[in-house]
2 protein chains.
Amino acid sequence: MTAAAVNLKIGDLARRAYCPAETIRYYEREGLLPEPARTNGNYRLYGAEHVERLSFIRNCRSLDMTLDEIRKLLLLRDAPDDNCEEVNVLLDGHIGHVAERIAELRHLRTDLQLLRERCGKAGTTKDCGILGGLSANVARKLKTPRRGHVPGTHRR
Amino acid sequence: MTAAAVNLKIGDLARRAYCPAETIRYYEREGLLPEPARTNGNYRLYGAEHVERLSFIRNCRSLDMTLDEIRKLLLLRDAPDDNCEEVNVLLDGHIGHVAERIAELRHLRTDLQLLRERCGKAGTTKDCGILGGLSANVARKLKTPRRGHVPGTHRR
DNA sequence: CTTGACCTTGAAGTGGCTGCAGGGTTTTTA
DNA sequence: TAAAAACCCTGCAGCCACTTCAAGGTCAAG
């Protein structure tokens with residue numbers, strides 16, 4: 001165990017929960033984190049319970065859950081005597097989404113690789129089999145939209 | 001082959017390229033589609049070349065490319081004497097992105113399934129192994145952000 | 001000549017942040 | 001003790017790829 005965490009400023013909380021300070025303020029606006037105490041100088045003050053709650057949120061996000069799903073889980077968590085059947089249902093639903101998305105992407109990768117092999121020896125884009133392939137009126141559609149943005153990462 | 005496509009209104013183009021009319025206007029604003037001719041009543045008028053170009057765009061989108069990637073491909077396509085090496089590079093890069101994302105999601109699914117098995121027989125959320133598992137300070141991160149939104153679909 | 005299907009523009013909303021401007025506070029260093 | 005650096009504050013704009021809405025204009029069928 002680490003030392004008891006009290007009177008953390010937002011940057012301290014950020015480091016402990018691996019979450020940018022801007023995102024902490026955003027979660028507060030969104031109602032996922034309670035409004036914390038403030039210092040005389042109007043700085044936010046956090047304690048161990050905030051580290052725990054924010055870690056919970058970040059773990060859920062790293063499991064690709066939406067903020068709405070996380071909001072529901074937090075409510076269930078805050079009502080400790082409820083039946084945890086709902087937790088199971090929510091998680092099973094989420095596992096289903098992930099499995100679907102994997103299937104789609106695998107299909108996608110196959111299509112891309114087939115397309116990639118169409119590049120002949122022509123040398124110019126005019127005769128490029130790839131560009132030709134992309135013009136075909138195929139219009140197969142993906143079933144699951146990608147959402148939002150995953151924490152802490154950018155396209156390199 | 002279908003009959004020659006001329007003097008299509010935006011709804012006709014929409015049906016032929018499986019793309020909502022609003023999205024067509026959006027692509028025009030974004031410079032992916034050229035500004036079309038207009039009728040006396042100010043309706044957009046399209047021809048076969050627009051059906052082809054929009055189908056190209058939609059196929060690329062269904063392969064999960066960004067509008068920026070598609071813009072580059074369209075430029076290459078519009079310069080028919082260039083070397084198609086750049087097309088290959090772009091496509092290989094994209095295949096790489098997709099492969100990475102699949103690997104992440106598979107890892108993710110494993111984590112979710114392990115978590116799911118933690119639900120003991122306690123019956124109440126207070127003792128729920130899942131909620132407990134989500135509180136652990138794990139903070140493994142996904143490497144690739146999900147972007148935007150896939151054409152024509154919603155979460156059910 | 002009215003109904004209804006279609007089209008127009010412009011602006012705002014979505015999710016989950018991220019970044020910035022323009023300040024205030026606190027800590028460190030000289 | 002004073003200056004510099006590091007941190008914090010609010011509020012707002014921007015990102016992507018659309019989607020939705022409001023408020024109107026156009027056109028063909030009955």
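## A guided tour, starting at Arg44(B)

Select Arg44(B): with a relative accessible area of 18%, this residue counts as buried, because the cut-off for buried is under 20%. Keep in mind as you go that the model is predicted.

**Stop 1: around Arg44(B).** Colour by secondary structure and you will find Arg44(B) in strand β2 of chain B, which covers residues 44-45. Now show side chains. Which side chain makes a polar contact with that of Arg44(B)? The partner is Glu28(B), and the distance to label is 2.8 Å.

Next, widen the selection to the contacts of Arg44(B), setting aside neighbours within four places in sequence. Here is what to pick:

- Leu8(B), Lys9(B) and Ile10(B)
- Arg25(B) and Glu28(B), the latter being the polar partner you have just labelled
- Pro36(B), Ala37(B) and Arg38(B)

**Stop 2: two helices of chain B.** Some of those residues lead straight on to a helix pair. Select helix α1 of chain B, residues 10-17, together with helix α2 of chain B, residues 21-29. Draw their axes: they come within 9 Å and cross at roughly 100 degrees. How are α1(B) and α2(B) oriented to each other? They count as roughly perpendicular, because angles from 65 to 115 degrees fall in that class.

To see where the helices meet, show Ile10(B), Leu13(B) and Ala14(B) on the α1(B) side. Facing them from α2(B) are Ala21(B), Ile24(B) and Arg25(B). Two of these residues, Ile10(B) and Arg25(B), are also among the contacts of Arg44(B).

**Stop 3: the cysteines.** Now pick Cys19(B) and Cys60(B). Are these residues buried or exposed? Cys19(B) is buried, at 2% relative accessibility, and Cys60(B) is buried too, at 0%.

A disulfide is a covalent bond between the sulfur atoms of two cysteines. How many disulfides are there over all chains? The count is 0. Cys19(B) is in no disulfide, and the nearest cysteine sulfur, that of Cys60(B), lies 13 Å away. The cut-off for a disulfide is 2.5 Å, so this pair does not qualify.

**Stop 4: chain A as a whole.** Finally, zoom out and select chain A. There are 6 helices and 2 strands in this chain, and tracing along the sequence gives the order α-α-β-β-α-α-α-α. Chain A has 156 residues, of which 46% count as buried.

Turn on a contact map for chain A: among contacts between residues at least 6 apart in sequence, 53% join residues at least 24 apart. Then switch to a surface view, where chain A exposes about 8400 Å², with carbon and sulfur atoms supplying 53% of that area.

Technical notes: Residues are numbered from 1 along each chain as its sequence is written. Chains are lettered from A and ligands numbered from 1 in the order in which they are written. This is a predicted model: local features need pLDDT of at least 70, side-chain atom pairs count only at pLDDT 80 or more; totals for chains, interfaces and linings use all residues. Side-chain values use heavy atoms; hydrogens and water are left out. Buried means under 20% relative accessible area, exposed over 50%, partly exposed in between (1.4 Å probe, protein chains only). Helices (H or I, at least four residues) and strands (E, at least two) are DSSP runs, numbered from the N terminus. Contact means heavy atoms within 4.5 Å. Accessible areas come from the Shrake-Rupley method with a 1.4 Å probe; for residues, only the protein chains shown count as cover. A polar contact is a pair of N or O atoms within 3.5 Å; within protein, one must be able to donate a hydrogen and the other to accept it, and residues adjacent in sequence count only if both atoms are side-chain atoms. Axes are lines fitted to C-alpha atoms, for helices over the stretch in contact, and angles run from 0 to 180 degrees between N-to-C directions. Angles under 35 degrees count as roughly parallel, over 145 as roughly antiparallel, 65 to 115 as roughly perpendicular and the rest as oblique.
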